[in-house]
Amino acid sequence: MKKKLFVLLSLFCILIVVSFLTIKKVKSVAEPAPEKVEKRKEISAPKEVVAEKKETTPEKKTVFDEAQVVTKEVHPKVTLTGTELSEDALPIGTVVKVKPVQGQDQWVEIISDPKKGFIEKDILEPREIHIEQREEKRKPTLTQEAFKENLDKDLQEFVKEKGGDISIYAEAVDQSFSYSYNGDKINRTASSIKLPFITYLMTLIDEKKIDLNTQLTYTANFKLDGTGIIQFEPVGGQYSVGKLAELVIRYSDNIAYVMLLNYVGEQEFINYLGRLDSASPNNRAFSSPRILTKAMNYVYTHQDKSKNINTLYNWLQQSIFDDGVAVGLPGVDVAHKTGWMPMYAVSNDIALVKDTKKPYFVTIMTGGYDESYSEKSIGDIAKIVDNQLLQLK
């Protein structure tokens, strides 16, 4: 009897153990283990990271997305299908904006008015590079005395190497500094005199003494060679005062200049130059860098006060000429009016350098360089001046 009872008890215990193990196995199949859930989360996480990186990675810019700088002097092609090249070269340092040409990968078209033509894409580099390089030079540690001493030395070395005759005047827009290197020397003005002349014209328009819409006739006695586009138009055409003024600044048009000068009066303009600065010579063919700088200063300080002066200010930034201070400083915006007289080996520029921290005026007048270097000299000198100004306190 005891033996049977023991056997039954043993079988009962075995049944309980088997039942317990069976229930545990069923649960393990129905519910995933906690560690496996965690593992699934770890697998899904990298997908979210990858997606986030795709959203924040900036797209690479192309030559069509930002301004470019010409890295080698080039004469643009007038048309892609022909072989004719533009007479006007784009110097190294010219800032351009371009657009694609359908079916062409190597060539781009310069965006400009008037059209300048087509150039190869591989001679361009982003302007942003030049902006960054210029900013890297900005180390404002020099006193005004040290700045003048350093710049004098640099310019003397330039003249020693290149020869020629240079006169420079620079001053801050806020009048915090000025610099002169033969800045009061009287030189030939060439076409740079056209800036103070149109400044004078705009003041007469502001005073209601002249109307922008007055029509003037191009007659044979005004015919002149040199810069400009009216020379290619038939005699007898009519132009408004406003249109002639634009042609004088943007195209440096000689015929437009003499037509307006005849209308306003040459002596009246000379008198204005005397009021601009008492040291001004009693003519329009000669002036100094310091005096010419006053014209740019007037335009800048009156652009918000006069609609006509503001128009002139905008024209200065739309010149068709790629030369002067602007090509020497492709890392900063420049408004300027150049002047060039190859028969006298003269090249000048009156400029506003629109530095974001210390904007300044600079007028450079040169003589004695041959035609191959005369215009380029302005950009080289501007670079020397700018390099030192970036170190001025």
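What follows is a short talk about one predicted protein model, from its overall make-up to its strands, pocket and cavities.

Before I start, a word on conventions: this is a predicted model, in which local features need pLDDT of at least 70 and side-chain atom pairs count only at pLDDT 80 or more, while totals for chains, interfaces and linings use all residues. Residues are numbered from 1 along each chain as its sequence is written, and side-chain values use heavy atoms, with hydrogens and water left out.

Let me begin with the chain as a whole. Its secondary structure comes to 12 helices and 15 strands, where helices (H or I, at least four residues) and strands (E, at least two) are DSSP runs numbered from the N terminus. Of the 393 residues, 44% are buried, and by buried I mean under 20% relative accessible area, with exposed being over 50% and partly exposed in between, for a 1.4 Å probe and protein chains only. Among contacts between residues at least 6 apart in sequence, 64% join residues at least 24 apart, a contact being heavy atoms within 4.5 Å.

Now to strand S7, residues 165-172, where seven of the eight residues are buried. S7 runs antiparallel to strand S15, residues 360-367, and is joined to S15 by eight bridges; two strands pair, in this usage, if DSSP finds at least two bridges between them. Within that pairing, Ile-168 stands opposite Ile-364. S7 also pairs with strand S8, residues 178-181, in the antiparallel sense over four bridges, and here Tyr-169 stands opposite Ser-180. The hairpin of S7 and S8 has five residues between the strands, and Gln-175 takes a positive phi near 65° in that hairpin.

A second piece of sheet is the open, three-stranded one with the order S2-S1-S6 and antiparallel pairing. S2 and S6 (124-126) stand at the edges, each with a single partner strand, so one side of each is left without a neighbour in the sheet. Strand S1, residues 68-70, pairs with S2 over two bridges, and Val-69 stands opposite Val-95 in S2.

Val-95 leads us to the second largest pocket, since Val-95, Gln-317, Gln-318, Ser-319 and Asp-322 are the residues nearest the centre among the 30 that line this pocket. Strand S2, helix H11 (325-328) and strand S13 (334-341) are the elements that give two or more residues to its lining. By class, that lining has 14 nonpolar, seven polar and nine charged residues.

Which elements contribute to the largest cavity? Residues that line the largest cavity include Asp-323, Thr-338, Trp-340 and Glu-375, and the elements giving two or more residues are S13, strand S14 (346-353) and helix H12 (374-389). S13 gives the most, with three residues. The second largest cavity is lined by Ile-249, Ser-319, Phe-321, Asp-323, His-336, Lys-337 and Thr-338, and here again S13 gives the most, with three residues.

For those terms, on a 1 Å grid over the protein atoms alone, a cavity is a set of points where a 1.4 Å probe fits but cannot get out, and a pocket is an open set with protein on both sides within 12 Å along at least five of seven lines, lining residues having an atom within 4 Å of a point. As for the classes, Ala, Val, Leu, Ile, Met, Phe, Trp, Tyr, Cys and Pro count as nonpolar, Asp, Glu, Lys and Arg as charged, and the others, Gly among them, as polar.
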